[in-house]
Amino acid sequence: MPIEIRVTGEAAGDPALTRNLHDWLQREDELRGRVRLRSEAPEPDRMGGVAELVLVSVSSGTVAALVSSVQLWIRQRRADLSIVVRHPDGKEVEIDAQQISGAEEFIRTVLRDTDPAP
């Protein structure tokens, strides 16, 4: 189940931020090799394409590592940034510097609510 991760906010148009987040997440043992950088072709009226990350395998450990790492990454950058985590069925969780404390539970809820019971 791949999970999409997108940088949003006023500074989101800078693809370097997404690449920086990708590099940041690759330093986490639980996430290394599980996060892919995906770029789309630019729209006709835009200079650059949209970049986002895809977490290709999700487990309890990867969710905790993702939230912990994103917390630090956001806090070290501008407050106008946020991260959107989206499940393939379209459910999303937006994490920003002000809401970061409850982010792990929000993400776990989205993943639990969208996965069929075994």
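What follows is a short chat about a predicted model of one chain.

Q: What pLDDT does the chain average?
A: The chain averages a pLDDT of 74, and 68% of the residues score at least 70.

Q: Which element has the lowest mean pLDDT, and which the highest?
A: Helix 3, residues 103–114, has the lowest mean, 61. Helix 1 has the highest, 88.

Q: And where is the pLDDT below 50?
A: Over residues 113–118. Beyond near neighbours in sequence, that stretch has 6 contacts in the model. Where pLDDT is low, the predicted coordinates should not be read in detail.

Q: OK, the sheet. What order do the strands take?
A: The order is 2-3-1-4-5, in an open sheet of 5 strands with antiparallel pairing. Strand 2 (35–39) and strand 5 are the edge strands, each pairing on one side only. From one strand to the next, the twist averages 25 degrees.

Q: How many bridges join strand 1 and strand 3?
A: There are 3 bridges, in the antiparallel sense. Ile3 has Leu55 of strand 3 as its bridge partner, and Glu4 has Val54.

Q: What packs on the sheet?
A: Helix 1 does, touching strand 1, strand 2, strand 3 and strand 4. The direction of helix 1 makes about 165 degrees with that of strand 2. Helix 2 also packs on the sheet, touching strand 1, strand 3, strand 4 and strand 5. For helix 2 the angle is about 165 degrees with the direction of strand 4.

Q: Back to strand 3. How many bridges does it make with strand 2?
A: Strand 2 and strand 3 pair over 5 bridges, in the antiparallel sense. One of the residue pairs is Ser39 with its bridge partner Ala51 in strand 3.

Q: Why call strand 3 largely enclosed?
A: Because 5 of its 5 residues are buried, strand 3 is largely enclosed by the rest of the structure. In a regular strand the side chains alternate between the two faces of the sheet. Here Ala51, Leu53 and Leu55 point one way and Glu52 and Val54 the other way, and all are buried.

Q: Now helix 1. Which of its residues are buried?
A: Leu17, Thr18, Leu21, His22, Trp24, Leu25 and Gln26. What covers them includes strand 1, strand 2, strand 3, helix 2 and strand 4.

Q: There's a histidine in there. Why is His22 counted as buried?
A: His22 has a relative accessible area of 16%, and buried means under 20%, so His22 counts as buried. Leaving aside neighbours within four places in sequence, His22 is in contact with Val35, Arg36, Leu37 and Leu53.

Q: And what is Leu25 in contact with, same exclusion?
A: Leaving aside neighbours within four places in sequence, Leu25 contacts Leu31, Arg32, Val35, Leu53, Leu66, Ser69 and Val70.

Q: What should helix 1 span, at 1.5 Å a residue?
A: Its 12 residues should span 16 Å. The end C-alpha atoms are 17 Å apart, which agrees.

Q: Last topic, the largest nonpolar core. Which residues have the most contacts inside it?
A: Leu21, Leu25, Leu66, Trp73 and Ile83, in a core of 21 residues. Strand 1 (3–9), helix 1 (15–26), strand 3 (51–55), helix 2 (60–75), strand 4 (81–86) and strand 5 (92–96) each supply at least two residues.

Q: Which of those gives the largest share?
A: Helix 2, with 5 residues.

Note on methods
Residues numbered from 1 in each chain as written. Predicted model: local features only at pLDDT ≥ 70, side-chain atom pairs only at ≥ 80, totals over all residues. Heavy atoms only, no water. Core = buried A, V, L, I, M, F, W, Y, C linked by side-chain atoms within 4.5 Å. Buried < 20%, exposed > 50% of the residue type's maximum accessible area, 1.4 Å probe, protein only. Helix = DSSP H or I, 4+ residues; strand = E, 2+ residues; numbered from the N terminus. Contact = heavy atoms within 4.5 Å. pLDDT = per-residue confidence, 0-100. Pairing = 2+ DSSP bridges. Axes fitted to C-alpha atoms, helices over the stretch in contact; angles between N-to-C directions. Expected span 1.5 Å × (residues − 1).
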